[in-house]
Amino acid sequence: MMKPAEKNTLLNEVLNILYNREENIINNRCVFCDKLVIVESFRDSTSLNEYTISGLCQDCQDRIFVDIN
C-alpha cells in the first residue's frame, strides 16, 4: 500500500471530491484510468513519487506530461 503525499487541506478535499485521490492511491489505483498500480510499473523513483502526488499511473503520466523539447 502506498501513502498519498500530503497536500494543502483545501486542495486535498477538492482532489478527493473530484478523483477520490487518497483512497485510490492507498488502494493502488490510478485516479484517471482506474488501472491497478504496482511499484514495479514505474520507470524511476521520480515517476513513483509523482504517483503519490497526483495518483497517475505510469501510462497516464506519459500521456499527460509530454516532453516538448
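**Group meeting: loops, core and cysteines**

N20 lies in the loop between α1 and α2, the latter being residues 21-26. Before I go on: this is a predicted model. So what is notable about the backbone of N20? Its phi is near 55°, a positive value, and N20 is not a glycine. N20 is partly exposed, because its relative accessibility is 31%.

Next, N28. N28 sits in the loop between α2 and α3, with α3 covering residues 45-54. Phi of N28 is positive too, about 55°, although N28 is not a glycine. Buried or exposed? N28 counts as buried, at 19% relative accessibility. The cut-off for buried is under 20%, so the 19% of N28 falls on the buried side.

Stay in that loop. L36 also lies between α2 and α3. L36 is exposed, because its relative accessibility is 53%. Which residues does L36 touch, leaving out those up to four places away in sequence? They are N27, N28 and R29. Look at I25 as well. L36 and I25 are 11 residues apart along the chain, and their C-alpha atoms are separated by 9.9 Å.

Now the start of the chain. M1 is in the segment before α1. M1 counts as exposed, at 79% relative accessibility. What does M1 contact, beyond its neighbours within four places in sequence? I26 and N28. So N28 turns up again, because it is in contact with M1 and is itself buried at 19%. For a longer stretch of sequence, take M1 and N49. They are 48 residues apart in sequence, and 14 Å apart in space, C-alpha to C-alpha.

On to the inside. What makes up the largest nonpolar core? It has 10 residues: M2, I25, C30, V31, V37, F42, Y51, L56, C57 and C60. I25, the partner in the L36 distance, is one of them. V31 is another member. Setting aside neighbours within four places in sequence, V31 contacts Y19, R21, N24, S54, G55 and L56. L56 from that list belongs to the core too.

You will have spotted the cysteines. C30, C57 and C60 are among the core residues. How many disulfides are there? The count is 0. Why is C30 not bonded? The closest cysteine sulfur to that of C30 is in C60, 3.7 Å away, and that is too far for a bond. The cut-off is 2.5 Å between the sulfur atoms, so 3.7 Å does not qualify. C57 is in no disulfide either; its nearest cysteine sulfur, again that of C60, is 3.7 Å away. C30 is buried, because its relative accessibility is 1%. C57 is buried as well, at 2%.

Last, the outside. Which residues form the nonpolar surface patch? L10, V14, I17, L18, Y19, F32, I64 and F65, with about 830 Å² of accessible area together. Helix α1, residues 9-19, supplies the largest share, 5 residues. I17 is found in α1. I17 is exposed, because its relative accessible area is 71%. Y19 ties two parts of this talk together: Y19 is in the surface patch, and it is in contact with V31, a residue of the core.

To wrap up. There is a core of 10 residues, there are 0 disulfides, and a nonpolar patch on the surface takes 5 residues from α1.

Methods
Residues are numbered from 1 along each chain as its sequence is written. This is a predicted model: local features need pLDDT of at least 70, side-chain atom pairs count only at pLDDT 80 or more; totals for chains, interfaces and linings use all residues. Side-chain values use heavy atoms; hydrogens and water are left out. Patches are made of residues with over 30% relative accessible area and no salt bridge: like charges are joined within 9 Å, nonpolar side chains (Val, Leu, Ile, Met, Phe, Trp, Tyr) within 5 Å. Accessible areas come from the Shrake-Rupley method with a 1.4 Å probe; for residues, only the protein chains shown count as cover. A salt bridge is a side-chain nitrogen of Lys or Arg within 4 Å of a carboxyl oxygen of Asp or Glu. Helices (H or I, at least four residues) and strands (E, at least two) are DSSP runs, numbered from the N terminus. Buried means under 20% relative accessible area, exposed over 50%, partly exposed in between (1.4 Å probe, protein chains only). Contact means heavy atoms within 4.5 Å. A nonpolar core is a set of buried Ala, Val, Leu, Ile, Met, Phe, Trp, Tyr and Cys residues joined through side-chain atoms within 4.5 Å.
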